[in-house]
Amino acid sequence: MRIEFTLNGRRRRVDVEPNQLLLNLLRDELGLTGAKYGCGIGVCGACTVLLDGEPVLSCLILAVEVDGKTVETIEGLGEGGRLDPLQEAFIETGAIQCGFCTPGFIMAAKALLEENPEPTEREIREYLKGNLCRCTGYVNIVKAVKLAAERAKYLT
Amino acid sequence: MEINRVNTRIIPFRFEYHSPSSLGEALTILSRYGSEARILAGGTDLLVDMKQRLVEPRHLVDIKRIPELRLLREDVGGFIIGSAVKLRELERSEAIKGRLPLLHEAVSSMGSVQVRNMATLGGNLCRASPSADAAVALLALEAEVLIAGPTGAKRVPLEGFFLGPRATLLRPDEILTGVYVPYPPEGAGSAFIKLGRTSLDLAIVNIAAALKLRGGIVEHCRIAMGAVAPKPLRLRNIESLLSGRELTPEALEEALGMVEASIKPITDIRATAEYRREVSKVLLRDALKTATERCGGRRS
């Protein structure tokens with residue numbers, strides 16, 4: 001089936017099979033390997049991408065379902081070779097270790113800050129509870145989101 | 001055929017994908033393919049099952065592009081919520097939060113934000129899980145389900161919709177189009193409480209209570225519990241015990257004493273039947289307490 005959607009700001013037209021998952025289209029066909037296959041059943045959040053601006057699980061969405069919609073992945077963040085402030089904050093606070101969960105966390109955090117630019121720690125933890133990290137724990141991840149939020153506030 | 005049975009990376013079989021843009025079109029497709037077709041809404045349960053080949057539909061009918069199933073609107077004395085409305089939309093709706101706080105509390109507690117951005121209210125009901133959070137809240141709100149089929153539309157109480165785990169009244173050629181949720185009486189207080197292993201997990205036991213007091217006397221009382229029987233349950237015997245009485249410690253003790261006989265919990269991966277029996281009483285006590293505190297419009 002032919003679908004057309006906006007991926008990281010670019011219009012894309014691709015042929016997909018009905019049983020093809022969005023995650024596999026991104027990773028295997030389009031070369032965007034940021035979103036990860038973790039659990040495959042909607043528990044770990046490693047495959048999180050933004051669909052029309054909202055965080056969703058790309059391992060539980062058919063590629064055909066995004067026809068006409070907008071998809072953003074970690075590869076779409078940052079401009080002109082510069083990292084996104086959230087990415088910077090994750091690095092600075094040591095919120096990354098093996099990095100497997102990081103794209104999912106950052107995309108979810110991106111959506112959080114978009115709708116709530118000054119979240120409390122509780123709100124951050126609640127919003128990110130669908131993303132699992134097995135290396136760093138969550139303290140530094142929460143710090144990273146707070147840091148990015150503070151910097152965004154300082155800039156505006 | 002054992003290959004890929006537990007591989008959750010792909011959907012290991014082919015099917016035809018349909019994306020009707022009207023209800024009529026969707027019903028025609030369902031009539032044509034019968035039990036070979038499955039309705040796809042949020043996909044958070046169905047696709048997980050398909051990955052494991054627990055179901056292998058030849059046709060998927062995606063109902064998310066049917067405008068009337070995505071409507072959330074006020075109707076006479078209540079709300080009509082389209083079956084394809086996402087949980088996250090209900091969570092964000094000020095109208096739902098203000099007029100149906102019990103439903104708002106239940107849907108806000110479900111899954112992660114990613115899941116709530118995908119999962120639909122209709123999907124939660126049609127899945128007919130004994131622990132369905134939204135179902136428990138909607139039972140206590142005395143909701144009705146709206147069903148469309150080849151012979152027309154009908155409206156039935158939600159309580160009769162569930163037949164058992166994963167079984168509902170819906171026939172293969174019918175679609176749940178929405179839910180009618182009447183407003184609880186003015187001044188009623190409500191509480192939804194879920195006990196889970198983590199806040200992300202499905203409920204070990206959940207409860208919804210709606211209560212209205214007049215001069216200390218219980219005037220309106222609705223209680224529903226989940227994960228304690230083959231389907232979400234209204235606890236009518238406890239409702240009638242408390243109705244017309246003052247909520248004294250004695251009345252409460254009497255109500256708690258009736259819990260065990262009213263439920264039929266099983267032992268599963270999440271908890272033992274014995275634990276569920278015990279904790280159900282605690283949840284009933286907590287839910288009635290919180291609902292009472294919220295009576296008269298106060299809500300923390």
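Begin in chain B of this predicted model, where helix α11(B) passes α12(B) in a right-handed crossing. Select residues 249-262 for α11(B) and residues 273-293 for α12(B); their axes cross at roughly 145° and come within 9 Å. To display the contact, show the side chains of L252(B), E253(B), A255(B), L256(B), V259(B) and E260(B) on α11(B). On α12(B), the partners in that contact are R277(B), E278(B), S280(B), K281(B), L284(B), R285(B) and L288(B).

Remain in chain B and select residues 203-214, which form strand β12(B). Ten of the twelve residues of this strand are buried, so β12(B) is largely enclosed by the rest of the structure. Next, add its two partners in turn.

The partner to add now is β11(B), residues 189-196, which runs antiparallel to β12(B) and is joined to it by eight bridges. For a point of reference, centre the view on G189(B), which stands opposite L211(B) of β12(B). Follow the chain from β11(B) into β12(B): the two strands form a hairpin with six residues between them.

Then select β13(B), residues 217-226, which pairs with β12(B) over nine bridges, also in the antiparallel sense. Here A209(B) is the residue to label, together with I223(B) of β13(B), which stands opposite. The hairpin of β12(B) and β13(B) has two residues between the strands, and G215(B) in this hairpin takes a positive phi near 55°.

Move to chain A and select residues 102-115, helix α3(A). How many of its 14 residues are buried? Eleven are, and the helix is mostly covered. Colour them to see the pattern: T102(A), P103(A), G104(A), F105(A), I106(A), M107(A), A108(A), A109(A), A111(A), L112(A) and L113(A). A distance check between the end C-alpha atoms of α3(A) gives 20 Å, which agrees with the 20 Å that 14 residues should span at 1.5 Å a residue.

Finally, add α2(A), residues 85-92, which packs against α3(A) at an angle of about 125°, with the axes 10 Å apart. That angle makes α2(A) oblique to α3(A). The crossing of these two helices is right-handed. The contact involves L86(A), Q87(A) and F90(A) from α2(A). From α3(A), it involves T102(A), F105(A), I106(A), A109(A), K110(A) and L113(A). Among these, T102(A), F105(A), I106(A), A109(A) and L113(A) also belong to the buried set of α3(A).

How values were computed:
Residues numbered from 1 in each chain as written. Chains lettered and ligands numbered in written order. Predicted model: local features only at pLDDT ≥ 70, side-chain atom pairs only at ≥ 80, totals over all residues. Heavy atoms only, no water. Helix = DSSP H or I, 4+ residues; strand = E, 2+ residues; numbered from the N terminus. Expected span 1.5 Å × (residues − 1). Buried < 20%, exposed > 50% of the residue type's maximum accessible area, 1.4 Å probe, protein only. Pairing = 2+ DSSP bridges. Axes fitted to C-alpha atoms, helices over the stretch in contact; angles between N-to-C directions. Parallel < 35°, antiparallel > 145°, perpendicular 65-115°, else oblique. Left-handed = near helix turned anticlockwise from the far one by under 90°. Contact = heavy atoms within 4.5 Å.
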